[in-house]
Amino acid sequence: QVQLVESGGGLVQAGGSLRLSCAASGHPFTTYPMGWFRQSSGKEREFVAAINWNGGNTLIGDSVKGRFAISRDGAKNTVYLQMNNLKPEDTAVYYCGQGYGSTWSDYRYWGQGTQVTVSS
């Protein structure tokens, strides 16, 4: 059974940074691509970033390009989302999923999400 657990969310001031983590278990992590989406109240889910199985290719959403980066550590079965220069509009629940692409249907398993709140 695949399990994804996000952590690292919290409250941060605009301009600050956070690093989210997503720990995976139940599947051979090093062979699967992973990604992050986010959803804020009243809005549709938004693609944030994705990384292929070995970290050699990444996709970054337009709204976070130049500020966010995705990486993975196979030894720790963990994928990370480094978020810099955060803005109030980045406030959302962030979800990690197993898959690769910019649409929700590209992903098969999801974590429970972690809240990120950016104050102005």
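Accessible areas are obtained here by the Shrake-Rupley method with a 1.4 Å probe. By that reckoning, the surface of the protein chain amounts to about 6100 Å², and carbon and sulfur atoms account for 46% of this area. The model described here is a predicted one, and the tour below begins with the chain as a whole before turning to a handful of residues.

The secondary structure is quickly told. The protein chain contains 11 strands and 0 helices, and reading from the N terminus the order is β-β-β-β-β-β-β-β-β-β-β. The C-alpha trace extends over about 40 × 25 × 25 Å along its principal axes. The radius of gyration of the protein chain is 13 Å, which agrees with a compact globule, because a globule of 120 residues would have a value near 14 Å. Of these 120 residues, 42% are classed as buried. Contacts across long stretches of sequence are well represented: where the partners are at least 6 residues apart, 57% of the contacts join residues at least 24 apart. As for charge, the chain carries 10 positive and 8 negative charges, and the mean positions of the two sets lie 4 Å from each other.

A good place to begin a closer look is Glu6, which belongs to strand 1, residues 3-7. Is this residue buried or exposed? Glu6 has a relative accessible area of 5%, so it counts as buried, the cut-off being 20%. Its side chain reaches two backbone nitrogens: that of Gln112 at 3.0 Å and that of Gly113 at 2.9 Å. Beyond the residues up to four places away in sequence, Glu6 touches Ser21, Cys22, Trp36, Tyr94, Tyr95, Cys96, Gly111, Gln112, Gly113 and Thr114. Ser119, by comparison, is 113 residues from Glu6 in sequence, and the two C-alpha atoms are 21 Å apart in space.

One of the partners of Glu6 is Thr114, a residue of strand 11, which covers residues 114-119. Thr114 is likewise buried, because its relative accessibility of 11% falls under 20%. The side chain of Thr114 reaches the backbone nitrogen of Gly9 at 3.2 Å. Apart from its neighbours within four places in sequence, Thr114 is in contact with Glu6, Ser7, Gly8, Gly9, Leu20, Ala92, Val93 and Tyr94.

Strand 2, residues 10-13, holds Val12. This residue is buried too, with a relative accessible area of 13%. Setting aside residues within four places in sequence, the contacts of Val12 are with Ser17, Leu18, Leu86, Thr117, Val118 and Ser119. Ser120 lies 108 residues from Val12 along the chain, yet their C-alpha atoms are separated by 9.1 Å.

The loops also have something to show. Arg67 sits in the loop between strand 6, residues 58-60, and strand 7. How much of Arg67 is accessible, and is it buried or exposed? Its relative accessible area is 9%, so Arg67 is buried. The side chains of Arg67 and Asp90 are joined by a polar contact of 2.7 Å. Asp90 is also among the residues that Arg67 touches outside its sequence neighbourhood of four places, the others being Gln82, Met83, Asn84, Asn85, Leu86 and Lys87.

Asn85, one of those partners of Arg67, is found in the loop between strand 8 and strand 9, the latter spanning residues 92-99. With 41% relative accessibility, Asn85 counts as partly exposed, because this value falls between the limits of 20% and 50%. Its backbone deserves a second glance. Most residues other than glycine have a negative phi. Asn85, although not a glycine, has a positive phi of about 50°. Asn77 also has a positive phi of about 50° without being a glycine. Asn77 is placed in the loop between strand 7, residues 68-73, and strand 8, residues 78-83. Its relative accessible area is 28%, so Asn77 is partly exposed.

The last stop is Ser40, in the loop that links strand 4, residues 34-39, with strand 5, residues 46-51. Which residues does Ser40 contact once neighbours within four places in sequence are left aside? The partners are Thr91 and Ala92. Ser40 and Ala92 are 52 residues apart in sequence, while their C-alpha atoms are 4.2 Å apart in space. Ala92 appears among the contacts of Thr114 as well.

Notes. Residues are numbered from 1 along each chain as its sequence is written. This is a predicted model: local features need pLDDT of at least 70, side-chain atom pairs count only at pLDDT 80 or more; totals for chains, interfaces and linings use all residues. Side-chain values use heavy atoms; hydrogens and water are left out. Helices (H or I, at least four residues) and strands (E, at least two) are DSSP runs, numbered from the N terminus. The radius of gyration is taken over C-alpha atoms; the globule rule is 2.2 Å times the number of residues to the power 0.38. Buried means under 20% relative accessible area, exposed over 50%, partly exposed in between (1.4 Å probe, protein chains only). Contact means heavy atoms within 4.5 Å. Lys and Arg count as positive and Asp and Glu as negative; His and the chain ends are not counted. The place of a charge is taken as NZ of Lys, CZ of Arg, CG of Asp or CD of Glu. A polar contact is a pair of N or O atoms within 3.5 Å; within protein, one must be able to donate a hydrogen and the other to accept it, and residues adjacent in sequence count only if both atoms are side-chain atoms.
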